[in-house]
Amino acid sequence: MRPTELLLDPSLRLGCAALLTAAYAGVCGAVNWRERYRRKARTALARAGADSPAWLVLYASQTGAAEQMALETARHLHQAGLAAQVLELNQLSARQLQTTERALFIASTCGEGDVPDNGALFATQQMAQALALPNLHFAVLALGDDSYAKHCAFGRALDAWLNDCGAQAMAPRIEMNRGNAEALSAWQALLTHLAGSSDAPDWTAPDFQTWRLVERACLNPGSQGAPLYEITLMPAAGALPDWASGDLAQVQLAADPGRPREYSIASLPAEGALRLLVRLHRDANGVNGLGSGWFAEAEIGSHIPLRVRPHRLFRLGPNARRPLILIGNGSGLAGLRAHIKAREQSGCGDNWLIYGERNAAHDAIWAPELEGWRDAGMLKRLDRVFSRDGQGPRYVQDVLRDSADLLRHWVDEGAAIYVCGSRQGMAQDVDAALNAALGEAGLASLALAGRYRRDVY
Ligand SMILES: Cc1cc2nc3c(=O)[nH]c(=O)nc-3n(C[C@H](O)[C@H](O)[C@H](O)COP(=O)(O)OP(=O)(O)OC[C@H]3O[C@@H](n4cnc5c(N)ncnc54)[C@H](O)[C@@H]3O)c2cc1C
Ligand SMILES: Cc1cc2nc3c(=O)[nH]c(=O)nc-3n(C[C@H](O)[C@H](O)[C@H](O)COP(=O)(O)O)c2cc1C
């Protein structure tokens with residue numbers, strides 16, 4: 001399953017562009033709304049009779065913002081007495097869409113104008129053709145960031161496709177740029193109108209808390225690559241919040257408050273601190289990135305606004321007891337390490353880690369811990385590949401190609417696959433190698449079943 005790249009159609013209507021003025025107001029992502037609503041929303045949907053829903057709430061989300069908004073949207077419909085069903089876009093069949101009268105689409109764009117993983121099958125299979133949708137009434141909320149060239153590309157393409165299929169827009173497309181508060185209000189107002197309710201939804205993004213930089217360790221001195229730091233943080237006041245393996249930390253930078261930077265959390269709350277693995281980003285002129293530069297240079301004891309963000313799409317969730325194949329490179333070890341730690345806690349040793357870096361001499365990140373896990377049976381297999389050692393370049397995708405039989409065996413045994421790290425290069429080539437080993441249909445069915453999950457950037 002390869003995320004589909006969509007080119008912007010310049011003739012697309014701009015819909016609610018007037019609503020999308022600046023005022024990012026620190027709500028970037030508008031994600032991370034109270035996790036406690038998630039369970040309530042699902043329970044409420046069940047009560048509302050999800051068997052014969054009047055409304056479909058469909059989302060495509062890479063890091064959870066659109067998913068969260070879909071749950072809040074459904075919760076609001078339910079509170080207004082309407083039945084609704086929330087689905088990932090990939091779960092939606094052509095037939096279901098053709099027999100639905102009202103659907104709300106919440107679609108993010110990821111990568112460089114790409115479709116989120118849980119919408120990619122829908123984009124390649126359903127959107128490749130025109131369906132007859134004369135009975136469908138719809139509205140689209142497109143999430144994006146206008147610092148990317150293909151702004152809201154997927155939401156726009158989806159909107160255009162629905163129009164081409166003869167579906168009837170209940171309102172112009174709303175574009176939410178970087179969690180823009182006005183766009184959120186516009187969507188909430190639309191929901192109130194559509195649901196005929198008098199109560200306006202009251203979703204808000206959680207505040208950032210002040211955190212303290214406790215420790216920094218460079219893990220790859222002498223590396224050919226940019227420095228990679230283990231960063232330890234603690235709340236400046238109060239207790240550690242709760243999180244699960246797979247979750248993200250978002251930091252807000254004084255110089256760019258509207259675009260928080262995301263980092264995969266490498267530790268679990270039980271370890272007593274929040275740890276990240278941060279690669280220093282330098283541009284072509286050697287200027288440090290704002291976020292990674294802060295982590296690389298800030299004085300120990302400095303404060304930074306941070307919030308922990310559930311990343312349900314990359315959590316273990318229903319895969320918690322399955323065998324796991326964990327694949328990643330560079331700073332991607334952060335998210336994979338948290339998963340292995342969680343598995344250690346639950347005593348599940350069916351884990352296969354495939355990790356790539358440059359040189360064994362300088363880039364054997366967290367080697368004692370990984371080798372300890374291997375020796376203790378927590379990692380049934382540990383494949384580390386160092387691309388600049390040996391005869392020629394060798395990458396994680398090469399391990400997958402060479403071990404295709406074993407890979408198929410693990411998948412037949414029920415394994416789930418988690419990929420964390422670079423989207424360009426690593427994740428794309430891993431996707432191709434998985435396709436080759438498991439077949440396009442095989443990988444697609446794993447993705448649909450939530451057994452192929454990615455935290456790639
Ligand atoms: C889900 C997710 C998880 C991630 N996990 C990790 C992780 O575990 N470890 C890790 O090291 N990184 C991770 N990242 C990447 C991280 O969020 C940052 O992108 C990275 O640290 C670079 O940010 P920076 O602030 O240092 O660089 P920036 O200052 O953002 O600079 C990066 C590039 O963007 C350009 N740029 C800067 N500002 C703008 C702007 N306003 N508009 C357009 N272009 C701009 C710069 O010129 C530069 O080329 C993750 C990203 C995502 C999405
Ligand atoms: C790595 C990355 C790539 C992104 N690429 C795009 C893009 O090409 N176009 C766009 O409009 N927004 C882009 N965005 C912004 C996201 O669409 C926006 O942050 C959205 O809220 C994410 O929603 P999600 O959590 O549901 O995936 C990107 C964000 C990230 C972190």
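W366 is found in the loop between α9 (360-363) and α10 (367-375). The model described here is predicted. W366 is not a glycine, yet its phi is positive, at about 50°. This residue counts as partly exposed, because 18 C-beta neighbours lie inside 10 Å; the buried class would need 20 or more.

A second residue with an unusual backbone setting is C152. Its phi is near 50°, again a positive value in a residue other than glycine. C152 is found in the loop between β4 and α5 (153-164). C152 has 30 C-beta neighbours inside 10 Å, so it counts as buried.

A third loop residue is A132. A132 lies between α4 (117-125) and β4. Only 12 or fewer neighbours make a residue exposed. A132 has 11 C-beta neighbours inside 10 Å and therefore counts as exposed. Contacts of A132 still reach other parts of the chain. Leaving aside neighbours within four places in sequence, A132 is in contact with Q98, C165 and G166. The C-alpha atoms of A132 and L162 are separated by 9.4 Å, and the two residues are 30 apart along the chain.

The protein chain as a whole gives the setting for these loops. It has 14 helices and 17 strands. Of its 457 residues, 47% count as buried. Contacts between residues at least 6 apart in sequence were also examined. Among these, 80% join residues at least 24 apart.

Helix α6 spans residues 181-195 and has 15 residues. From its first C-alpha to its last it reaches 21 Å, close to the 21 Å expected at 1.5 Å a residue. The buried residues of α6 are A183, L184, A186, W187, L191, L194 and A195. Seen down the axis of α6, these buried residues fall within an arc of 160°, so they line one face of the helix. The cover over them includes α2 (65-79), β4 (137-144) and β6 (174-177). Just after α6 comes G196, with a positive phi of about 65°.

Helix α7 (290-297) also has buried residues: G291, S292, W294, F295 and A296. What covers them includes several strands. These are β7 (209-218), β8 (228-235), β9 (248-253), β10, β11 and β12 (303-309).

Two of the α7 residues, G291 and S292, also appear at ligand 1. There, 24 residues surround the ligand, and the closest are S147, G289, G291, S292 and Y457. At least two residues of this shell come from each of β10 (256-264), β11 (274-279) and α7. The largest share, six residues, comes from β10. Domain 2 (209-310) and domain 3 (313-456) each supply at least three residues. By class, the shell around ligand 1 divides into eight nonpolar, nine polar and seven charged residues.

Ligand 2 is surrounded by 24 residues. Of these, S61, A65, S108, G144 and Y148 come nearest. The elements that give two or more residues to this shell are α2 and β4. Both elements are also part of the cover over the buried residues of α6. The shell around ligand 2 has 10 nonpolar, 11 polar and three charged residues.

Conventions: Residues numbered from 1 in each chain as written. Chains lettered and ligands numbered in written order. Predicted model: local features only at pLDDT ≥ 70, side-chain atom pairs only at ≥ 80, totals over all residues. Helix = DSSP H or I, 4+ residues; strand = E, 2+ residues; numbered from the N terminus. Expected span 1.5 Å × (residues − 1). Arc of directions from axis to C-beta. Contact = placed C-beta atoms within 7 Å. Near = placed C-beta within 6 Å. Nonpolar A, V, L, I, M, F, W, Y, C, P; charged D, E, K, R; others polar. Domains from an automatic or database assignment.
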